[in-house]
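Please look over the sequence and the coordinates before reading on. The paragraphs below go from one side chain to the whole chain and then to its strands.

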Amino acid sequence: MKPKSGGEKMSRGIELSKYDYDLENDSAFFYGTGKKYKKSMDLDGIILDMSEDDYVMAIEILDASKKFNVLKADLQNLKNFDADIKVHKETIKIAMKITIVKRNNSISKCMEAVGLNSMNLPISDQEVALCC
């Protein structure tokens with residue numbers, strides 16, 4: 001999908017296919033395949049990897065257990081991940097929700113981050129999801 005002119009918003013949902021969690025470094029990585037990498041941007045420890053068409057193709061969350069307020073071990077039992085990314089002319093806002101399984105119960109945790117659109121990404125609404 002090509003960027004629209006005149007400040008119109010692009011919208012896209014992306015289904016990610018893979019999840020890795022590094023227990024030692026407390027880093028969660030959600031990614032798919034088939035996209036060509038263009039650049040990354042860091043929103044306070046949430047790294048968005050962008051594809052050539054300026055859509056998120058992967059998300060890495062540093063200090064993930066602290067950001068979601070869960071134990072590191074809980075992140076090894078991830079059930080779902082959803083992210084809603086709103087790119088505005090000057091800012092980017094990402095709202096994320098994880099669902100983990102703990103003692104046979106599903107527990108959801110949410111977090112948000114906001115940063116500057118320093119790479120001048122086109123205005124868009126993007127949804128990213130992963131089911132494990």
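Leaving aside its neighbours within four places in sequence, which residues is Ile61 in contact with? In this model, which is predicted, Ile61 is in contact with Asp26, Ser27, Ala28, Phe30, Gly45, Ile46, Lys67, Phe68, Phe81 and Met96. Three names in this account, Ile61, Phe81 and Met96, return in the description of the largest nonpolar core, which has 34 residues and in which Leu48, Ile59, Ile61, Phe81, Ile94 and Met96 touch the most other members. As a general background, nonpolar side chains tend to be buried together in soluble globular proteins.

Stepping back to the whole chain, one finds one helix and ten strands, and reading along the sequence gives the pattern β-β-β-β-β-β-α-β-β-β-β. The radius of gyration is 15 Å, close to the 14 Å that the globule rule gives for 132 residues, so the protein chain is as compact as a globular protein of that length. Along the principal axes, the C-alpha atoms fill a box of roughly 50 × 25 × 25 Å. Of the 132 residues, 43% count as buried, while the chain as a whole exposes about 7500 Å², of which carbon and sulfur atoms supply 47%. Contacts can also be sorted by how far apart the partners lie in sequence: among those between residues at least 6 apart, 54% join residues at least 24 apart.

Part of the chain is organised as an open sheet of five strands, in the order β2-β3-β6-β5-β4 and with antiparallel pairing. Its edge strands are β2, covering residues 18-22, and β4, covering residues 37-42, each of which pairs on one side only. On average, and with direction ignored, neighbouring strands of this sheet are turned by 15° against each other. In general, the strands of a sheet pair through backbone hydrogen bonds, either parallel or antiparallel.

Within this order, β5 sits between β6 and β4, and both of these pairings can be followed residue by residue. Five bridges join β5 (residues 46-51) to β6 (residues 56-62), the two strands running antiparallel; Ile47 has Glu60 as its bridge partner in β6, and Asp49 has Ala58 there. Towards β4 the pairing is again in the antiparallel sense and extends over five bridges, with Ser51 of β5 serving as the bridge partner of Tyr37.

How far is β5 covered by its surroundings? Six of the six residues of β5 are buried, so this strand is largely enclosed by the rest of the structure. The cover is found on both faces, with Ile46, Leu48 and Met50 buried on one side and Ile47, Asp49 and Ser51 buried on the other. Leu48 is also one of the residues that touch the most other members of the largest nonpolar core.

The edge strand β4 contributes a charged residue to this picture, for Lys39 has its place in that strand. Lys39 has a relative accessible area of 18% and is buried, since the cut-off for that class is under 20%. Not counting residues up to four places away in sequence, Lys39 touches Leu48, Asp49, Met50, Asp54, Met119 and Leu121.

The turns deserve separate attention, because most residues other than glycine have a negative phi. The hairpin of β4 and β5 has three residues between the strands, and Asp44 takes a positive phi near 55° there; at 68% relative accessibility, Asp44 counts as exposed. The hairpin of β5 and β6 has four residues between its strands, and Asp54 in the turn has a positive phi of about 65°. Elsewhere, Asn104, in the loop between β8 (91-102) and β9 (105-116), has a positive phi of about 65° although it is not a glycine, and Asn104 is exposed with a relative accessible area of 77%.

A last stop is Asp82, in strand β7, which spans residues 78-87. With a relative accessible area of 36%, Asp82 is partly exposed. Leaving out residues up to four places away in sequence, Asp82 touches Ala95, Met96, Lys97, Val128 and Ala129. The C-alpha atoms of Asp82 and Met111 are separated by 11 Å, although these residues are 29 residues apart along the chain.

Key: Residues numbered from 1 in each chain as written. Predicted model: local features only at pLDDT ≥ 70, side-chain atom pairs only at ≥ 80, totals over all residues. Heavy atoms only, no water. Pairing = 2+ DSSP bridges. Axes fitted to C-alpha atoms, helices over the stretch in contact; angles between N-to-C directions. Rg over C-alpha atoms; globule rule 2.2 N^0.38 Å. Buried < 20%, exposed > 50% of the residue type's maximum accessible area, 1.4 Å probe, protein only. Contact = heavy atoms within 4.5 Å. Areas by Shrake-Rupley, 256 points an atom, 1.4 Å probe, with all protein chains shown as cover. Core = buried A, V, L, I, M, F, W, Y, C linked by side-chain atoms within 4.5 Å.
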